[in-house]
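I sat down with this one and a cup of coffee to see what I could look up. Here are my notes, in the order I took them.

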Amino acid sequence: MKKTVLLLIALCLVCTPLIFSKEKGRSFEKIKFPPLNKLNLPEPVQADLPNGIRLRTILNDKLPLVNMTILVKGGKAYESVGETGLADTTAELMRIGGTKGMKPAELDLLLDSKAIDISIYADTDFYVVNVNCLKENLEEAVSLLSKIIREPAFDAGKLEEVKTKMAGGIARRNDDPATIMQREFARLIYGPESPFAAVQEYAHLDKITPERVEAAYKGSFAPDNLLWGAVGALQMPELKALVEKYFGDWTGKASLPSYPEAKEQTADFKVAFSEKSEMNQTYLAVGHLGALENLEDKAKVMVFNNIFSQGMDSRLFNKVRTKMGLTYGVGGGINREPLHRGLSYYWTFTKTQSTLKAIKAIFEEIELVRKEPVTAKELADAKAFLLDSFIFRYDSPEKILQRRLNAEFYSTPLDADKKLQEDVEKVTIEDVKAVAEKYLDPAKMVVYIVGKEADLDGKLEELGAVKKIDLTIPPPALQEKIPQATPETLKQGKDVVKRSAEKAYKGYKTLKSTLTAVSTTLVLPQGEFSISQETTQLYPDKSYTAATMPFGKVETIINGEKGITKAMGQVQPLPAEQIKDQRFSDDYNVFRSLDLYSFQYLKSEKVGERECDVVYATREKGWMKLFFDKTTGYILARESQESFMGQTEIARWEFDDYKVVEGIPVAYTSRMLIKGKRVVDGKVTKFVVNPKVQETLFQVSEKK
Amino acid sequence: MKKLIGAVLCTLFPVILFAGASADFSHLKGRVSEFTLKNGLKFILLEDHSVPVASFFTYVNVGASDESETIHGISHVMEHLAFKGTSEVGTTDYKGEKKVLDRMESVHQQILGERDKLFPDQKRVETLQKELQDLEAQAAKFVVPNELDTVLKRNGAVGLNAGTSQDYTMYFYSLPSNKLELWASLEAARFVDPVFREFYKEIEVIKEERRMRTENSPIGKLLEEVESVSFKDHPYKSSVVGPMSNLNHISVADVRAYHRRNYTARNMVIGVTGDVTKEQLQRVAEKYFSGIREGMRNNPVVATETPQTGTKEVTLFEESQPWLIMGYHCPASSHRDYLKFELLNYILTNGRSSRLYKKLVIDEKSALAVASFVGYPGSKYPGLYLILTIPGGGKTNADMEKVIFEEIEKLVKEPVSAEELLSAKNRLKQEKINTLSNNSGLLMELLSSEVLQGSWSKTFDTLEELEKITSEDIQTLVKGYLVKGNLTIGRIEKKEEVTK
């Protein structure tokens, strides 16, 4: 330890005169600096318990506070494919799910009343447990911590709270462009299934059960896997006594799957792009998979990163921000991780019209630093900064402890920092060039951009092969699990529908056309909107709808497999999927082409006061649930997956006020609900059976 | 009867409140010293000789709220330009450079003069702009970009940055403590001899910053709107970055005049913490900072916000999930009620046992997060108390509003229990003590108290004042401020297409 101190002082003294002897002699350059005062680095005190818990403490008694950090091997790297989010859930649920002796609300209340802050989160390589409390509450904090760590209850209700938050996070993941850029770029480089980039989907939430959480917890939280640091108004004997009291009799061993490897992905593109049309800036990243950290050339990489991309006087900052004025922020670097290959990449954001310009500037700088050696001044400045600022790694006992825990966790030799400083001193111009050549390969680098394509300063193809990345969030799966169909349930289902067809809907046999006028109210956050629409159907496959919207008339025409909408002077084609969906759910088709559907009987259920048979109908890809009134045979409700206001939801239509018009049952009142909330109200104002219809009405052309 | 018990209990409980904490502040207070130069520049020093490092904070008593309409955004522009160097730092030859810079200024003034006309001559503007670009290229040859950063960093500086708010502009960085004189020399030069080089490019950088913080960030946009809606008289209504139109119009002359008026000795306080003695600091302060013009301390802004007598609302339709902000006008940090609002944070939203967190996030699972904040967008003048929620689980902003009003009503009808008050006090105390345990954090509090409350020592009175707050105080606070007539609601709703 003394050696470290002496070396630090020596280096500081060495560097200072070296720099100033070369300068021109500006006023501040003539200042003579006194030697740096002695640095007394407190050394962490060590104690290992028989059951494996490792304790490290540093005294800091300026204030009666204690801060503790526990590193527990485990975390996101160990998640299996399809279980993204399990580590986060485990961490959160340990804290909020209560303990075997304490209900969640009880524990929350007690922690808050004593201002004991306990938090747990999952990082890539480990879980982190943080405790912050006043010295006078230390024993209570350790006691409660022992219950949380040794006997978490994983309350199922709290699991729902965690999942609700996570579902909310999924829904919001495209709201912030910086988040999108980091997430999607990592996915491109690591691959979508790699735990280093996997993105949580709704489908993953379903897989997170209390059993899986408990298994993840058991794999990591064991005495032989706790690296426990404490800094504050306490010393080792006191901490050791408390930990022995509350954790001493805890036994067990951690057991984790093997650590995954980051594998290089073959890219069949040079630039990937995601559309986010409302932006007037793009966010972009340029790079490729990096390397594993190694202590051999760590100093050289540090110097390179400092010169090239880190800080206000770096090459990238000087070029892209200061000289070209293209951005407020640019950065990145050769990033190596201790246990898996990191990402070597550079990022920035700029107004859309200077996107390609910025990308070209970045590539130019990368080419330049690989081709030409850096200047002697750049090298000297970088080395001086790294050496003279080294002291800031140790400028608080908290930082010293953090560095110690990290070094122990990753088995970094405890004198690595000393060696690093020696190595930085030795770095040459050739070393820096060699780093650029070895660790940056512009030919392999891919670009990822998120923004509005139409406003770019050029075509994406100018950079190379283009790949479009769709940001659409895959919707949640069906809420209810449909049991496996059996011959019995299929027959039963078909019988229900046949009965209905013969008894209530026999009018469809001779139906040729209909004219329906509906008054619809949409209930949206913005308010309620009334729309009136009139639909002319010429069966089997033609329809014309004219809707009166707040902003004008909208016409929708379907003719066979083709369809268009006309609104505000614009003509848009209807997606084939939408036409198919509409036809699939139309009563006419249900009752006239029974054999094309599969009808599985599910159960009896009430709709309002009426008992219904619930039938699960499928045809090729689509599905819907139909609720047939057991007495009348009318369809009282229909559930299906629908796209509503840009989201895919399960919509439930309910039908009421049935009247029979020339043999056709018509529900004069209907409503649509999503998650139990009414969003659409409909009232039929006119219904005509077999009106005369002009074929020209269904003309599907591109003309206005 | 209940009320009486409440009163009695309140006087019993302080014993259980953290006793140990108060004892140590005299020790902290003892490490603070101050002195003022002849030109009125005040220095506050917080000594700590445990590590040979020092951190420096220059707190300028000018912010966005001091700006007039047409140059709104200029405090922030000034902040950026303060990194561009001096006649010594950042240039290869200032004499030659100045000639080009002066010409650029003159051309720019002509451009502005032409553009400002009712019928500007576009051709003339274009010609002048080309001339400006050519001059920029010439000027660039003299520039040593970001040299201030280079010089500081090769002497071991870290954390070089600055910030502009409605109330102040602050510059800070840390150095090994034996470089004290370097700091003094360069920091004073920044304010005595600034050169506003690379001005036009830096304006472009600031535009990108505005795009990033506001135009491409739904919540950033919403906050800007809430400010402008909730304030109509007071300058808190305008954002710190300012509108694009101002950024296109501010000139070097504007910045120079602004700097001259505001960056004066009496309008700044300098804070230093770390391994520096009072004698050492006084010596370098007198040597380098005496050259700063005395000037005047800025007068407070004249405009006072007319009391609101109704609810104001603004709703944005964005490509984003919903957000909700409820903003109630609240007092400045110098007012005795301000601390009560800080305590209200821990009753309403901070902590799993807090009212809104428990109701919305835990019980109903209808919110993903809740938060509250006093003194937005500033605390030098009366600002806003914000309650922010993010709906989840299929719930809407309307659902959040309903619950928030219900919970406020509960706080109005019945004072919080003694246990609840104590729990909140303990946690706020914990937060304050954590701040005191970090030198930079503590120094910033001292500077803030000095400027906004008249004396840095007020920082150490907070815990004592906290103990005196009663449940009735909180009830009165809520009754008085959290009323619908004092409220601005800001919402983000997901942009809907009203066609299916």
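**Entry 1: the contact between the chains.** I started where chain A meets chain B, keeping in mind that this is a predicted model. I looked up who takes part: 93 residues come from chain A and 91 residues from chain B. The area buried between chain A and chain B is about 7,900 Å², and carbon and sulfur atoms give 57% of that.

**Entry 2: charges across the interface.** Next I asked how many salt bridges there are between chain A and chain B. The count is 10. I picked out a pair to look at: the side chain of Arg352(B) meets that of Asp108(A) in a salt bridge, at 2.9 Å from N to O. For polar contacts across the interface of chain A and chain B, I noted 39 residue pairs, both partners being at pLDDT 80 or more. Which element of chain A gives the most to the side that touches chain B? That is helix α5 (residues 156-171), with nine residues. I also sorted the residues on this side of chain A, and they divide into 39 nonpolar, 26 polar and 28 charged.

**Entry 3: a salt bridge inside a helix.** Over all chains I have 101 salt bridges. One that I looked up is between Asp134(B) and Lys130(B), with the closest N and O atoms 3.2 Å apart. Both residues sit in helix α6 (residues 122-140) of chain B, and because they are four residues apart there, about one helical turn separates them.

**Entry 4: cavities.** I found four cavities of 30 Å³ or more in the structure. The largest cavity has about 80 Å³ of space. I checked its lining, which draws on chain A with residues including Asp175(A), Lys276(A), Glu278(A) and Met279(A). From chain B, the lining of the largest cavity takes residues including Glu215(B), Asn216(B), Lys221(B) and Glu318(B). Sorting the whole lining gave me two nonpolar, two polar and seven charged residues.

**Entry 5: backbone oddities.** I looked for cis peptide bonds and noted one between Tyr539(A) and Pro540(A), with omega about 10°. Pro540(A) has its place in the loop between β14 (527-538) and β15 (542-549) of chain A. In chain B, a cis peptide bond joins Tyr376(B) and Pro377(B), with omega about -5°. The loop between β9 (367-376) and β10 (384-391) of chain B holds Pro377(B). Last, I stopped at Phe154(A), which has a positive phi of about 50° although it is not a glycine. Phe154(A) is in the loop between α4 (138-150) and α5 of chain A.

How values were computed:
Residues numbered from 1 in each chain as written. Chains lettered and ligands numbered in written order. Predicted model: local features only at pLDDT ≥ 70, side-chain atom pairs only at ≥ 80, totals over all residues. Heavy atoms only, no water. 1 Å grid on protein atoms, 1.4 Å probe; cavity = no way out; pocket = protein on both sides within 12 Å on 5 of 7 lines; lining within 4 Å. Points joined across faces, edges and corners; volume = space filled by probe spheres on them. Nonpolar A, V, L, I, M, F, W, Y, C, P; charged D, E, K, R; others polar. Contact = heavy atoms within 4.5 Å. Buried area = accessible area lost by both parts, 1.4 Å probe. Salt bridge = Lys/Arg side-chain N within 4 Å of Asp/Glu carboxyl O. Polar contact = N/O pair within 3.5 Å; in protein donor to acceptor, adjacent residues only side chain to side chain. Helix = DSSP H or I, 4+ residues; strand = E, 2+ residues; numbered from the N terminus.
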